[in-house]
Amino acid sequence: MKRSAIALLSCLAAVPALAQGFAHPGVLHTREGMDRMRRSVAGKAEPAYGSYRLLAGHKCSQSDYVMEGPFAAISRDGEFRHTKGKMEADFSAAYQNALMWILSGDEAHAQRSLAILAAYADTLREIPDTNDAPLLAGLEGFKIVYALEALKHTWPGADAAQLAAAARMFKTIFIPVMERFYAREPYTNGNWGPVVTKAYMAAAIHLDDRAMYAKARDFYLHARDNGTIAHYISGETGQVQESGRDQPHCMLGLGAMATVCELAWQQGDDLYFALDNRLMKGYEYVARYNLGHDVPFARWTDVTGKYCRWAEISESGRGRFMPVFEIAHNHFAGRKGLPMPYTAQVLGKTRPEGHDRDQPGFGTLLFANEE
């Protein structure tokens with residue numbers, strides 16, 4: 001079914017119609033997209049090259065990165081919360097070294113990425129069922145799947161047994177956490193849903209599992225949860241469910257939604273268009289407010305009934321832009337030619353996009369001018 005796995009990389013690649021099966025290697029990039037990135041790096045073409053410099057200079061992108069783990073149990077909270085920052089850095093290093101391998105051709109990066117995955121495959125036994133377990137599975141799981149996809153489909157020297165062991169770790173430890181999240185009654189703010197779904201959908205593509213893909217797609221479009229396109233963004237104004245909470249969580253949620261849509265796009269499935277491009281409306285609302293403009297705001301009645309107390313839009317984190325804007329601007333303005341004036345202004349301030357712990361970033365390299 002799947003001809004290659006490069007699609008995961010840049011949300012990862014363009015493919016034939018969904019009915020024809022999963023179409024490429026990597027969940028975020030096509031081979032053509034990866035070639036474009038390599039040309040940008042080789043030619044030092046700005047602004048993409050500026051994003052590459054931020055990637056190449058980051059501590060988690062080094063082929064001599066020293067692991068903080070591995071750990072037998074990992075968690076963001078509870079008994080094993082001391083592993084949080086350490087395991088996040090390790091999985092970022094697996095992801096970023098895989099990306100550096102693709103861009104540089106330096107096999108030492110591929111070796112480091114796989115060594116990290118293999119070490120955790122040998123050691124990790126559980127993600128305890130704490131409050132933040134779904135966030136861990138989604139945020140870190142996406143990095144793992146991206147690295148697995150990249151190494152499997154671009155590195156002839158990859159150890160097949162180590163890749164298989166890392167995939168088993170993901171299937172037996174990470175996926176059950178995401179399945180429990182889907183099975184529960186809705187209980188979270190809206191960024192959680194797409195954070196889980198981007199990892200689950202990426203895993204579906206990597207594992208060539210149509211049923212998993214359909215489940216992720218259905219959640220994004222139809223679930224009774226704050227983290228769906230219908231329940232996270234207002235169709236009238238673009239207000240986000242978390243607009244009264246703070247601005248960074250709004251950006252995290254939008255970035256995760258864009259990642260879900262990009263994964264689907266690379267499989268010939270246009271989720272960006274859902275509800276008349278509602279994701280674009282959310283981006284423009286958040287961009288406009290964080291640029292310093294006034295926006296309409298209404299008290300939100302959310303799915304859970306727990307997050308309805310915000311009487312006004314929050315200024316917390318206002319103007320602190322996460323690297324989540326290139327991916328959406330590339331699709332709506334670049335591919336579709338639709339106006340995104342406020343998002344474009346954000347990019348004028350923030351290019352080149354760099355790293356973020358919870359949203360891998362480097363979007364000016366990965367997505368700007370992607371075809």
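Asp276 is exposed, at 62% relative accessibility. Here buried means under 20% relative accessible area, exposed means over 50%, and partly exposed lies in between (1.4 Å probe, protein chains only). Asp276 sits in helix α11. Its phi is near 60°, a positive value in a residue other than glycine.

This is a predicted model, where local features need pLDDT of at least 70 and side-chain atom pairs count only at pLDDT 80 or more, while totals for chains, interfaces and linings use all residues. Residues are numbered from 1 along each chain as its sequence is written, and side-chain values use heavy atoms, with hydrogens and water left out.

**Overall fold**

The protein chain has 14 helices and two strands. Helices (H or I, at least four residues) and strands (E, at least two) are DSSP runs, numbered from the N terminus. The radius of gyration of the protein chain is 19 Å, which agrees with the value near 21 Å for a compact globule of 371 residues. That radius is taken over C-alpha atoms, and the globule rule is 2.2 Å times the number of residues to the power 0.38. Along the principal axes, the C-alpha atoms fill a box of roughly 55 × 50 × 40 Å.

Of the 371 residues, 63% are buried. The protein chain exposes about 13,600 Å², and carbon and sulfur atoms supply 48% of this area. Accessible areas come from the Shrake-Rupley method with a 1.4 Å probe; for residues, only the protein chains shown count as cover. Among contacts between residues at least 6 apart in sequence, 72% join residues at least 24 apart. Contact means heavy atoms within 4.5 Å.

**Helix α11 beside Asp276**

Asn277 lies in helix α11, which spans residues 274-290. Asn277 is buried, with a relative accessible area of 13%. Leaving aside neighbours within four places in sequence, Asn277 contacts Tyr272, Phe332 and Leu338.

Arg278 is also found in helix α11. Which side chain of opposite charge is nearest to Arg278? It is Asp276, 8.3 Å away; Arg278 is buried yet has no salt bridge. With the same sequence neighbours left aside, within four places, Arg278 is in contact with Ile229, Ala230, Ile233, Ser234 and Gly235.

**Other buried sites**

Met178 is in helix α6 (residues 160-183). Met178 is buried, at 0% relative accessible area. Not counting residues up to four places away in sequence, Met178 touches Ala137, Phe170, Val196, Ala199 and Tyr200.

In helix α2 (residues 48-57), the buried residues include Ala48, Tyr49, Gly50, Ser51, Tyr52 and Leu55. Their cover includes α1 (31-42), α3 (84-104) and α14 (363-366).

Phe362 lies in the loop between α13 (341-350) and α14. Phe362 is buried, with a relative accessible area of 0%. Phi of Phe362 is near 60°, a positive value in a residue other than glycine.

**Cis peptide bonds**

A cis peptide bond joins Glu46 and Pro47, with omega about 5°. Pro47 is in the loop between α1 and α2. The bond from Gly69 to Pro70 is cis too, with omega near 5°. Pro70 is in the loop between α2 and α3.

**Charges and salt bridges**

The protein chain has 40 positive and 42 negative charges, and their mean positions are 0 Å apart. Lys and Arg count as positive, Asp and Glu as negative; His and the chain ends are not counted. The place of a charge is NZ of Lys, CZ of Arg, CG of Asp or CD of Glu.

A salt bridge is a side-chain nitrogen of Lys or Arg within 4 Å of a carboxyl oxygen of Asp or Glu. By this rule there are 16 salt bridges. Three pairs are listed here.

| Salt bridge | Closest N and O atoms |
|---|---|
| Arg180 and Asp129 | 4.0 Å |
| Glu185 and Arg224 | 3.2 Å |
| Arg351 and Glu326 | 2.7 Å |

Arg180 lies in helix α6 and Asp129 in the loop between α4 (107-123) and α5 (133-154), so this pair ties together parts 51 residues apart in sequence. Arg180 is partly exposed, at 32% relative accessible area. Asp129 is partly exposed as well, at 46%.

Glu185 is exposed at 58% relative accessibility, and Arg224 is exposed at 51%.

Arg351 lies in the loop between α13 and α14 and Glu326 in helix α12 (residues 325-335), so the pair ties together parts 25 residues apart in sequence. Arg351 is partly exposed at 37% relative accessibility, whereas Glu326 is buried at 1%.

A network of salt bridges links Arg76, Lys84, Glu88, Asp132, Arg357 and Asp358.
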